[in-house]
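Here are my notes on this one, as promised. Have a look at it yourself before reading on.

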Amino acid sequence: MASKKKTAAKGTPCTVRTAGDPALDRELLHSMLLQRRFEEKTGEAYALGKIGGFCHLYIGQEAVSTGIIGQLRPDDYVIGTYRDHGQALVRGITPRAVMAELFGRIDGCSRGKGGSMHLFDRNTNFLGGHGIVGSHVPLAAGVGFAIKYRGGDQVCICFMGDSVVNIGAFHEALNMAALWKLPVLFVIENNRYGMGTSVERAAAVDDLSKRADGYTGMDGIVIDGMDVHAVRDAACKAIERARTESRPSLLEVRTYRFRGHSMSDAVSGTYRSKDELDEYQSYDPVFSLRDAMVVAGTLMVPEWEAMEKEVAAIVQDAWDFADASPEPPAAALYEDVLVDTTS
Amino acid sequence: MSIITYREALNQALREEMSRDDRVYLMGEEVGVYNGAYKVSKGLLEEFGENRVVDSPIAELGFAGIGVGSAMVGLRPVIEFMTWNFALLAIDQVVNSAAKMLYMSGGQYNVPIVFRGPNGAALQLGAQHSQAFESWLAHIPGIKVCSPGTPYDAKGLLKSAIRDDNPVVFLEGEMLYNTKGEVPDGEYLIPLGKADLKRAGSDCTIVTSGKMVLVAMQVADQLAKDGIHLDVLDLLTIRPMDVEAIYASVRKTQRAVVLEEGWEICGIGAQVVDFIQRECFDHLDAPVLRVHQADVPMPYAKGLEKIAKPDAAKTIAAVKQVMYRA
C-alpha cells in the first residue's frame, strides 16, 4: 500500500533499542505515558464542555517531545505551535497548570488568557504555543539571534507541523538562521497531514528534510518519530552542534497523530483510512518502548501497572485542580494589554 | 538648540539609545552598509558594528518576527521597514505576535520592540508605495502608535519608544526626512500618549498628527490673516490617544476639523469624531468635519495625485465651513 512507504518508520520495522540504561528508559516511558494519559483526559474534558475552542491533541507524537526536550538545559528555550500540550508537560509546566489553562482558569500557565493553543511559562522558558501556522518560526530565529547576540550557549527548539514547510515565514526564518548561524533546531513533526491535506498533496518535495538543502550549513535530518531513542540520538547531535558551533538544523521527525486534527475532526474516514491509522498505531511510541522493555526484562508487568496508576493519579489531580481553580475575575479583562514600565 | 533635519533627529535618537543600552539593536533592509534607504541610520554601522546594525535580506515577515522573538528574551530591537507599505508582509508579526504576546501569555512575555519607517505618500510613487496606515495599526490593542511631524518630536518620541517596554509602531514620513526644526542639544524625552498643542487659538481646533501637522500649521498661518485663530492639536501618539487634550481644546473652540493623511472610511478622524461627540456634544457649534485622502488608491499622474491628497486648501475650506464662513 502506498502509504506504507511513507510510514513513520519509512518502511523499516519499528526498532526500539533497549540496550540503554533501564532507568533512562523508565524515565522516557513515564514522560510519554504522562502525555498520553493527560491528552486522553483532555479529550474527555473537552467532550464534557470543560474545555472550549480549538483543542489539538498530541496523542501518537509523544516520542518527539520526550526525545528532544528531555535533553535540554533549564536555560534553553522551547517554542511551538497550537499542538503544544505535550511539549509543555515535558518542558516541566505542571499538569495542573496546563489543565487549568485548558479549562480557562486563573491558575493556568497563561492565567486563563491563552487557552489550549497559547501555553506559556517564563519559569521554564516555554515561549508559547502559537496559533498562526508558520508565524512562530521567525520568533525562534529571533530567540537564536538573541542567544548569539549575548554570546550565550543556549539553544532554541522550534516545533512545527509538516504544513509549515510550505509557508513563507518558514523559508525566511531558515534562511536567516543559516545565514547568521543561529543556534536553533527547527523540528518538523511530520504527522503526514496538515489538517486534512496530506504532505504529498501540499509539498512539492517528498522528503521534507531536503528543505534544509536550500541553506548552506544547515543539516537536514530524517528521524523515526515513533522511536524515542532515535529521536534522542539525532536531537542530541543537533543540540550539540547548535550549542558548540552555533549551527541550526532541520529535523524532520516522522510521526503520526492518532486523533483528528482537532476535536471536531473525525479520527479517520475522510482524508485517511482506518487501515492507515491501524498500521501507525502498531508503531505506537509509548507501547513500543514498554513492550521492548518487557521483552528485555527491564520492566516488569507490576512496575508498568504501578506506573499507569501513578500517572492516572497525576492526571486526575490535574483535572481536580483545574476544576477547582476559579475563572479569571472580570477585572482581569483589561490586565496585561500593555505594561506600564520603561527601561 | 540646533536646527537639524527630521532624519538627523531620528539618527541622534538611535545613536543615543544604542549608546545608552547595549540591548538595543537596529535591523532592517539596507540599514548598515548602505547607511539606510533614507539615510536615517547613517554612520551607525561604523559606530556600533554589524552585531548591532544588522542588514537583513528582503524578508519583512522574517526579520519582523526575529525582532519579536529576540524581544521576548530580553533584547530591545528597532526594526526598520523601508516603508510601511512593505510592512504589510510583516503585519502578522506586528498584530498576532507583538501586540498579543503579553496578553495571551497572561502577563509573562512583554515585547519591547519598535517597528519604524516612513508611512504615507511621498511624490508620484503610485498606489503601492503611497499608503498611510495609522488607522490600521491604531486599531490593535497591545501596541502603541506614534506619528511625529517635527524633528523635535521625532527625536524625543523615538527615544521614549525605544525605552518603552511595549511594542511601539513609529510612523515617519519620506517627505518629512528633509524638513528642519529646532532640537535641544541635550537629552530630552517626549512621553508617549501625550498630545501637543502646537498653536493656540480660540476659533476652531484642528486635530492632526504626522506630516499633516505641517499642513495644519500653514493653514493656521493663513487663516490668522483672516482673523480666524486655530488650535492646532498634534496627537503625536495615536494609540493611546490623548483624549483629554482633544476635549480641552474642543470645549474651548467649540468647533473642530480632523486632518489625517489616510483614507476616510474607519480612519483616525472617525475615531476622533466619535470621542468628540460623546464628550463634547453640548459644546459643539457645528458638526465636526474631516479632511483626508480621496477614497481611491493613490494615482501616479501628478495632477491626480495632488487632488487625491489632503492639503491646506481642503483644510481651509473645512475650517471655514465649520465657522459658517464658507
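The points below cover the ground rules, the aromatic pairs, the lysines over rings and the interface.

1. Ground rules. This is a predicted model, so to speak with its own filters: local features need pLDDT of at least 70, side-chain atom pairs count only at pLDDT 80 or more, and totals for chains, interfaces and linings use all residues. Residues are numbered from 1 along each chain as its sequence is written, chains are lettered from A and ligands numbered from 1 in the order written, and side-chain values use heavy atoms, with hydrogens and water left out.

2. Aromatic pairs. Over all chains there are 19 of them (ring centres of Phe, Tyr or Trp, taking the six-membered ring of Trp, within 6.5 Å; planes under 30 degrees apart are stacked, over 60 edge-to-face, the rest tilted). One is A:Y193 with A:Y256, edge-to-face at 6.5 Å between centres and 80 degrees between planes. Here strand β5 (residues 193-194) of chain A meets the loop between β8 (249-254) and α10 (274-281) of chain A, and the two residues are 63 apart (helices are DSSP runs of H or I, at least four residues, and strands runs of E, at least two, numbered from the N terminus).

3. How covered are those two? A:Y193 is buried at 6% relative accessible area, and A:Y256 is buried too, at 0% (buried is under 20%, exposed over 50%, partly exposed in between, with a 1.4 Å probe and protein chains only). Both belong to one aromatic cluster that also takes in A:F258, A:Y271, A:Y280 and A:Y283.

4. Now chain B. B:Y152 and B:Y188 are stacked, 4.7 Å centre to centre with 5 degrees between the planes. B:Y152 sits in helix α7 (residues 151-163) of chain B and B:Y188 in the loop between β8 (180-183) and β9 (196-199), so the pair ties together parts 36 residues apart in sequence. B:Y152 is partly exposed at 33%, whereas B:Y188 is buried at 10%.

5. Lysines over rings. A:K41 lies over the face of A:W319, 5.2 Å from the ring centre, and B:K39 over that of B:Y34 at 4.1 Å (the rule: NZ of Lys or CZ of Arg within 6 Å of the ring centre and within 35 degrees of the ring normal).

6. The interface. Chain B gives 49 residues to the contact and chain A 41 (heavy atoms within 4.5 Å). Which element gives the largest share of chain B's side? That is α3(B), with 10 residues.
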